[in-house]
Each structure stands twice: as C-alpha cells, then as structure tokens.
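Hi everyone, thanks for making time. Let me walk you through a structure that is probably new to you, so please bring it up on your screens.

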Amino acid sequence: MNDLAPDSRTHTPHKPVRVERRRVDEAESRKANGPDWDRYADEYQASHGEFLGDAGFVWGPEGFTEAEAGILGDVTGRDVLEVGSGAGQCSRWVRTQGGRAYGLDLSRRQLQHSRRIDEASGIVVPSVLGTATDLPFADDSFDVVFSSFGALQFVSDIDVAVADTARVLRPGGRFAFSITHPTRWMFPDDPSEAGLVASQSYWDRTPYVEVDDTTGEVSYVEHHRTLGDWVSLLAGTGFVLTDLLEPEWPEHHDRIWGGWSGVRGRFTPGTAIFGANLR
C-alpha cells in the first residue's frame with residue numbers, strides 16, 4: 001500500500017492505481033466506491049466473514065462487540081436501520097436480540113452476500129441498495145440508525161448524510177457509528193512499527209483518492225474528519241453526544257487487518273465509536 005493510504009482501506013487495489021490527495025465531490029465518490037466494493041466484496045467476505053460471524057456485531061478490527069459495548073441500547077421491538085450494512089452481519093445480530101433490523105448498502109455484490117447468509121442462517125435481513133445521503137425511507141421510520149465501519153468514511157456530503165439520518169429517526173432516536181479513529185489519518189497504512197511514525201497532518205482533510213492508471217477514472221475515495229468535526233456535525237444536526245468509545249487492542253488478539261495490528265493497537269487507537277441521541 002502507498003504510505004498515504006488511510007486505515008479503513010483493508011485490501012490491495014485490484015488494478016494499478018496512482019494515489020492522489022485532492023477534493024472529490026459526492027457524485028465522484030459514489031461512482032468510485034460502489035464499483036470498488038462490488039469488486040472487493042468476495043475477497044472481503046472470504047477474508048473476514050468468520051471473524052464477523054453470520055450474525056455477529058463487531059464494531060471494528062479490535063473485535064469489540066455490541067454485546068460488550070451496549071451502545072445501541074435495548075433493541076427489543078425497535079425498528080433499526082444499518083447504513084453500509086454489507087452482508088448484514090450486524091443487522092442479523094440485532095434481529096437475534098429482538099430488533100427489527102433492515103440493511104442499506106451501496107454495493108450490489110455485498111447485498112448478494114447478505115442474501116446468501118440470510119438463506120444459510122435462516123435469519124433474514126430485508127435490505128435495499130442505496131446511499132447514506134439519500135435514504136429511501138419515510139420520515140420518523142426508525143428508533144435506531146447505526147453504521148459499523150460502513151458508509152460514513154466514503155461520503156463527501158457528510159452533513160447531508162447525518163441530516164438524512166436525523167430525518168428518518170423518530171424523536172429521541174439513537175444514532176451510533178464506528179469509523180477509523182481520526183488520529184490514524186496521520187500515520188502510514190502499515191501494521192508494523194513503521195505505521196507508528198506520523199507522516200501527515202491530522203488537520204489535513206484532503207480526501208485520499210486512488211485513480212485507475214488504465215482509465216484515468218477515480219476508483220476509490222476516502223474522506224477524513226477530525227474528532228472535533230464529528231462532534232460539531234452531530235451537535236449542529238440536533239444530536240446530543242452520549243458516548244465516544246476508543247476500544248483497546250485485546251492482549252491476545254493477533255489478527256492483522258489492513259493497517260490494524262497488535263503492534264499498533266497497543267499504542268494508538270484504531271477505532272472510534274460514537275453514540276448520540278436525537279433531541
């Protein structure tokens with residue numbers, strides 16, 4: 001991986017690419033990231049499916065689960081939307097806890113994997129193709145909206161996405177999400193000790209972009225916001241922040257996932273989990 005790569009990038013690009021740092025709008029981000037996840041879905045599920053579990057809820061590469069965190073609260077009898085649901089593992093876990101969970105993802109191939117696991121497990125998660133900036137649901141449809149390392153880092157118009165989340169939540173509803181910890185933006189995407197040396201500014205919000213060398217088209221985009229950006233965004237959209245969790249790397253957890261590893265995880269956080277209530 002190029003040293004400029006951010007940590008949520010967990011695979012090597014399938015095509016020769018050049019890395020850039022430049023502004024990318026929502027349309028270009030969406031056009032790149034949907035096909036990228038379609039290409040990567042099979043590899044992702046093969047590599048990480050066992051770790052995630054068919055009906056498991058993991059907030060990040062540390063293996064910190066919702067059963068441990070309890071950040072969604074009691075989901076029994078509640079309508080729950082997962083944005084960036086992938087193969088629906090987290091939503092399937094919510095359904096085992098008595099919640100009515102639904103999924104939304106930008107990748108058709110990820111949703112095909114979700115259907116495959118639905119059939120294999122017998123736990124069905126109704127899911128739709130869509131984007132975080134234009135949720136295809138009526139106002140006040142859900143009690144909880146969450147995203148576990150899902151769509152939010154790939155969205156340019158994040159203010160639109162958070163506002164649309166507020167729109168589909170009922171008053172007092174719960175919003176929770178996990179992202180690559182914003183401080184990781186400073187470091188190379190390297191699970192070894194080389195990944196502990198800061199190489200770029202935490203305050204540089206210029207998106208990370210991969211461009212296909214063959215076609216010249218943008219093939220992957222990731223956006224960075226600081227912790228302060230996220231807090232301000234939530235507060236400005238009518239949310240009250242109640243939780244900010246930074247899971248520690250478990251002592252005997254030896255999994256390497258892209259830039260995440262025990263070498264780095266014992267010194268610096270890799271995941272940030274936010275929980276907020278809608279006023």
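Let's begin with charges: the structure holds 16 salt bridges, where a salt bridge is a side-chain nitrogen of Lys or Arg within 4 Å of a carboxyl oxygen of Asp or Glu. Before I go on, please note that this is a predicted model, in which local features need pLDDT of at least 70, side-chain atom pairs count only at pLDDT 80 or more, and totals for chains, interfaces and linings use all residues. Residues are numbered from 1 along each chain as its sequence is written, and side-chain values use heavy atoms, with hydrogens and water left out.

Which side chain meets Arg 22 in a salt bridge? That is Glu 20, at 2.7 Å from N to O. I'll be using three words for accessibility: buried means under 20% relative accessible area, exposed over 50%, and partly exposed in between, with a 1.4 Å probe and protein chains only. Arg 22 counts as partly exposed because its relative accessibility is 28%, and Glu 20 is partly exposed too, at 21%. Both belong to a network of salt bridges that links Arg 18, Glu 20, Arg 22, Glu 28 and Asp 213.

Now look at Arg 109 and Asp 42, a salt bridge whose closest N and O atoms are 2.7 Å apart. This pair links distant parts of the chain, with Arg 109 in helix H4 and Asp 42 in helix H1, 67 residues apart. By helices and strands I mean DSSP runs numbered from the N terminus: H or I of at least four residues for helices, E of at least two for strands.

Another salt bridge joins Arg 174 to Asp 243, again with closest N and O atoms 2.7 Å apart. Here Arg 174 sits in strand S6 and Asp 243 in strand S9 (residues 239-245), 69 residues apart. Is Arg 174 buried or exposed? Arg 174 counts as buried because its relative accessibility is 11%, while Asp 243, at 26%, is partly exposed.

On to the inside. In soluble globular proteins, nonpolar side chains tend to be buried together. A nonpolar core here is a set of buried Ala, Val, Leu, Ile, Met, Phe, Trp, Tyr and Cys residues joined through side-chain atoms within 4.5 Å. The largest one has 28 residues, and Phe 175 and Phe 239 touch the most other members. Elements that each supply at least two residues include strand S2 (79-83), helix H5 (158-168) and helix H6 (227-236). H5 gives the most, with 5 residues. A separate core of 14 residues has Trp 59, Ile 71, Val 94 and Ile 273 among its members.

Val 94 is also one of the buried residues of H3. How many residues of helix H3 (residues 89-96) are buried? The count is 6 of 8, so to speak a mostly covered helix. Its cover includes helix H1 (26-52), helix H4 (108-121) and strand S3 (100-105). Just after H3, Gly 98 takes a positive phi of about 95 degrees.

Last stop, a sheet. Three strands form an open sheet in the order S1-S7-S8, with antiparallel pairing; two strands pair if DSSP finds at least two bridges between them. At the edges are S1 (17-21) and S8 (218-222), each pairing on one side only. Strand S7 (residues 208-212) is joined to S8 by 4 bridges, and one of the bridge partnerships is Val 211 with Val 218.

Methods:
Contact = heavy atoms within 4.5 Å.
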